[in-house]
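Q: Could you take me through one part of this model in detail? I'd like to follow the four-stranded sheet and the packing around it, residue by residue.

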Amino acid sequence: PGVANATLQLLAGGVPVQSVTTAADGGYRFAGLSADAYTVQLSPPAGFVAGAIRTQNVTLDSGSTAASTAAGISFGLLQEASIGGMIYQDGNGNGLPDSGEPGITGATVTLTGAACREASGQCATPQVTDASGRYLFTSLPPGVYAVAVTAPAAWAPNGPTSQGVTLGSASAASASFGFQARGSVGGVVFQ
């Protein structure tokens, strides 16, 4: 189905010429164009991310029409996805967040992977778990990600501290991690 409210900008030589918003059926049209080389740039509406192609070039020759030339200028959009979960105190050591096992506040969760849009490979600003031990990454394109957690120093991991996640269009995935309180040994030295 078509996607409404996507913004498309037409540029000639890097200079904006026109901007349009897609109709309910996803259709758009730039009218009144002269012969020239153009670039069409896509800005997805809220809730969507661009597929692999965000810009396309088109050349209008003398005598050609925008309708005949631009008919093949289409863009694919994907619905945004999310990854969230809980960093929790795994009191019984079973690797599952059980009732009564509280979340760990202040753990840092990072997201990396091939689907990341930034040159650093980091997809988003690292999240710090809230008072319930929860975190959430939103507005992600579908793809393969790695979620990794670093807990405060008082906590030792009770299993892996990273997990692979594959997201589809409009999907939500969960990645939770259990930790146990670090123990201590103490006593008295006396004479």
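A: Here's a walk from the sheet into the core beside it, with a few side stops along the way. Keep in mind that this is a predicted model.

Let's begin with the strand layout. The sheet is open and has 4 strands, in the order β9-β8-β11-β13, with antiparallel pairing. Its edges are β9 (127–128) and β13 (162–167); each has a single partner strand, so one side of each is left without a neighbour in the sheet.

Now for the pairings themselves. Strand β8, residues 108–112, runs antiparallel to β11, residues 143–150, and 5 bridges link the two. If you want to check the register, Thr108 has Thr150 of β11 as its bridge partner, and Val109 sits opposite Val149. On to β11 and β13: these are also antiparallel, joined by 6 bridges. There, Ala148 is bridged to Ser162 in β13.

Next, the packing. In soluble globular proteins, nonpolar side chains tend to be buried together. The largest nonpolar core here has 22 residues, and the members touching the most others are Ile83, Ile87, Tyr135 and Val147. Several strands feed this core with at least two residues each: β7 (81–89), β8, β10 (134–140), β11, β13 and β15 (177–181). A separate core of 14 residues also exists, and Val40, Leu42, Ala50 and Leu60 are among its members.

Tyr135 deserves a zoom. At 5% relative accessibility it's buried, because the cut-off is under 20%. Skipping neighbours within four places in sequence, its contacts include Ile83, Gly84, Gly85, Met86 and Ile87. The contacts of Tyr135 also take in Val109, Gln127, Thr129, Val147, Ala175 and Phe177. So you can click on Val109 and see a residue that faces Val149 across the strand pair and also touches Tyr135. Tyr135 has a ring partner too: its ring centre and that of Phe137 are 5.9 Å apart, with the planes at 65°, so the pair is edge-to-face. Phe137 is buried as well, at 1% relative accessible area.

There are 2 aromatic pairs in total. The other one is Tyr28 with Phe30, again edge-to-face, at 5.7 Å centre to centre and 70° between the planes. Here Phe30 is buried at 6% relative accessibility, whereas Tyr28 counts as partly exposed at 23%.

If you like checking backbone torsions, two residues are worth a look. Ser139, in strand β10, has a positive phi near 60° without being a glycine. Ser139 is partly exposed, with 32% relative accessible area. Ala170 likewise isn't a glycine and has a positive phi of about 60°. You'll find Ala170 in the loop between β13 and β14 (172–174), partly exposed at 44% relative accessibility.

One last stop is Pro45, in the loop between β3 (36–43) and β4 (48–50). Despite the loop setting, Pro45 is buried, with a relative accessible area of 11%. Leaving out residues up to four places away in sequence, Pro45 touches Val3, Ala4, Asn5, Ala6 and Leu77. Pro45 and Thr7 are 38 residues apart in sequence, yet their C-alpha atoms are 7.1 Å apart in space.

Methods:
Residues are numbered from 1 along each chain as its sequence is written. This is a predicted model: local features need pLDDT of at least 70, side-chain atom pairs count only at pLDDT 80 or more; totals for chains, interfaces and linings use all residues. Side-chain values use heavy atoms; hydrogens and water are left out. Two strands pair if DSSP finds at least two bridges between them. A nonpolar core is a set of buried Ala, Val, Leu, Ile, Met, Phe, Trp, Tyr and Cys residues joined through side-chain atoms within 4.5 Å. Buried means under 20% relative accessible area, exposed over 50%, partly exposed in between (1.4 Å probe, protein chains only). Contact means heavy atoms within 4.5 Å. Rings of Phe, Tyr and Trp (its six-membered ring) pair if their centres lie within 6.5 Å; planes under 30 degrees apart count as stacked, over 60 as edge-to-face and the rest as tilted.
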